[in-house]
Amino acid sequence: MANKFLEAEKKYFRGWMFLGFSSAFPKGKIKTRKYMNEDCLLFRSESGKLNMIEPYCSHFGTNMETGKVMGENIQCPMHGRMFEGDGACRNAKFKSIRSYTVAENRGLVFAWFDEPGAEPQWEHPQFMNEEEFPDILWRHARNLELHHPAVPQNNGVDPRHFEFTHAMFGKVTQEGDFEAEGHKATCKMATEVQKPLSTLAKGNVAEVTAYYEGPLNDYLISKTGSNVAHLGNFLTVIDGKHCKLTQIGMGKRTFNPVTRIQDLISAFFSWNATREDAPVWNNRKPIEHDYYPHDTDKAIKAFCEWTDTFQYFPGSDDEQEKANDENRLKAVEI
Ligand code: FES
Ligand SMILES: [Fe+2]
């Protein structure tokens, strides 16, 4: 199993990937980023539509990061070819460039990653149910190095990882029970909380259910008695060994002073517990712990089989370079 992850450096997951918050992409601004080992350019047009295309002009391959947003298009800074958000060249007969489908949902930006030209196979994640959870109560993002994308998303099926790395979540009381249907999957497990965490009291058994929307996004609901905590996990894959995990706590914001005080107290407990999170990775202290043979764990096996069905193999950097060179040569022939 471990080898599978280590060999997977050049494999990625097709699906909706979290790109960040809408506020990071203001109108008229051009941003370049690397996602799934692919160079990408984002621009928000004058009408407010966010677009993502490859950054290289179909003429001589100029990087259009220093171009200009003109209405609904981006203009190449070299000779002024104009490209629409879907990558089509507005100047008659010239070659289009690659584009990605982008979706924005209540301030969150997702893009569909797949083979070039492939249509999205399902709708973007809709974890933010407007009526039930109108607010993002808190959010933070952390950069994860040396991870295959499957590793951070494995959290939701793996109570033994909670027990070892996120010790405040506690001791395993129920192993993961993973079930998948198409791009949707769920996993139920339970742990005994070792430290007060948000609205979860110490000593209580927390039932944790992970709801997956494809292999790149999941949403955890933890329950102890009548207390419930909601946590969205959104993955941004930079390349085979670098990811970013953005976590969002969701709930109903209230202006009732008593509830506000309760919220503040639970926020303090969360902060207090999470500052001791991942003590080994954060080099705080070693942990004495028996190692379990994870490879035999049923839920992890099922999770890995499920994620395998989403893998694709984007062109290597060299192939991308070759394709760009071919485009340049063809353009010169024109
Ligand atoms: S118009 Fe882009 S390189 Fe010529
Ligand atoms: Fe974790």
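**Entry 1: the core**

I began with the largest nonpolar core, which has 35 residues. M17, M52, F110 and A111 have the most contacts inside it. I keep in mind that this is a predicted model.

Next I looked up which elements feed this core. Those giving two or more residues are β1 (12–13), β2, β4 (38–44), β5 (50–53), β11 and β17 (227–239). Of these, β11 gives the most, with 6 residues.

Where does this core lie with respect to domain 1 and domain 2? Domain 1 (15–124) and domain 2 (135–311) both give residues to it, so the core lies between them.

I then picked A111 and listed what it touches, not counting residues up to four places away in sequence. The list is M17, L19, M52, Y100, T101 and V102.

Apart from this core I found another, of 20 residues. M168, F178, A210 and I300 are among them.

**Entry 2: the sheet with β11**

Since β11 came up in the core, I followed it into its sheet. Here 3 strands form an open sheet in the order β2-β11-β10, with antiparallel pairing. β2 (15–21) and β10 (102–105) stand at the edges with a single partner strand each, so one side of each has no neighbour in the sheet. I noted an average turn of 30° between neighbouring strands, direction ignored.

I went through the β10 and β11 pairing by residue. The two strands, with β11 spanning residues 108–113, pair in the antiparallel sense over 4 bridges. V102 stands opposite A111, the residue I had already noted among those with the most contacts inside the largest core. E104 has V109 in β11 as its bridge partner.

Which residue of the β10 and β11 hairpin takes a positive phi? I found R106, with phi near 50°, in a hairpin that has 2 residues between the strands.

**Entry 3: the sheet of 7 strands**

I moved on to the open sheet formed by 7 strands, in the order β12-β18-β17-β16-β15-β14-β13. The pairing is antiparallel here too. Its edge strands, β12 (135–145) and β13 (171–181), each pair on one side only. Neighbouring strands are turned by 15° against each other on average, direction ignored.

I checked two of the pairings. Strand β14 (residues 184–192) runs antiparallel to strand β15 (residues 205–213), and 9 bridges join them. E192 has V205 in β15 as its bridge partner. β13 and β14 pair in the antiparallel sense over 8 bridges, and E179 stands opposite T186 in β14.

β13 and β14 also form a hairpin, with 2 residues between them. In its turn, G182 has a positive phi of about 60°.

**Entry 4: helix α5**

Last, I looked at what covers these strands. Helix α5 (residues 298–308) lies across β13 and β14 and runs at about 30° to β13.

Which residues of α5 are buried? I listed A299, I300, F303, W306 and T307. Seen down the axis of α5, they fall within an arc of 125°, so they line one face of the helix. On the other side of α5, I found K298 and E305 exposed.

The buried residues of α5 pack against β1, α2 (150–153), β13 and β14. One of them, I300, is a residue I had met in the core of 20 residues. β1 is also familiar, as one of the elements giving two or more residues to the largest core.

Methods. Residues numbered from 1 in each chain as written. Chains lettered and ligands numbered in written order. Predicted model: local features only at pLDDT ≥ 70, side-chain atom pairs only at ≥ 80, totals over all residues. Pairing = 2+ DSSP bridges. Axes fitted to C-alpha atoms, helices over the stretch in contact; angles between N-to-C directions. Contact = placed C-beta atoms within 7 Å. Core = buried A, V, L, I, M, F, W, Y, C linked by C-beta atoms within 7 Å. Buried ≥ 20, exposed ≤ 12 C-beta atoms within 10 Å, placed from the backbone. Domains from an automatic or database assignment. Arc of directions from axis to C-beta.
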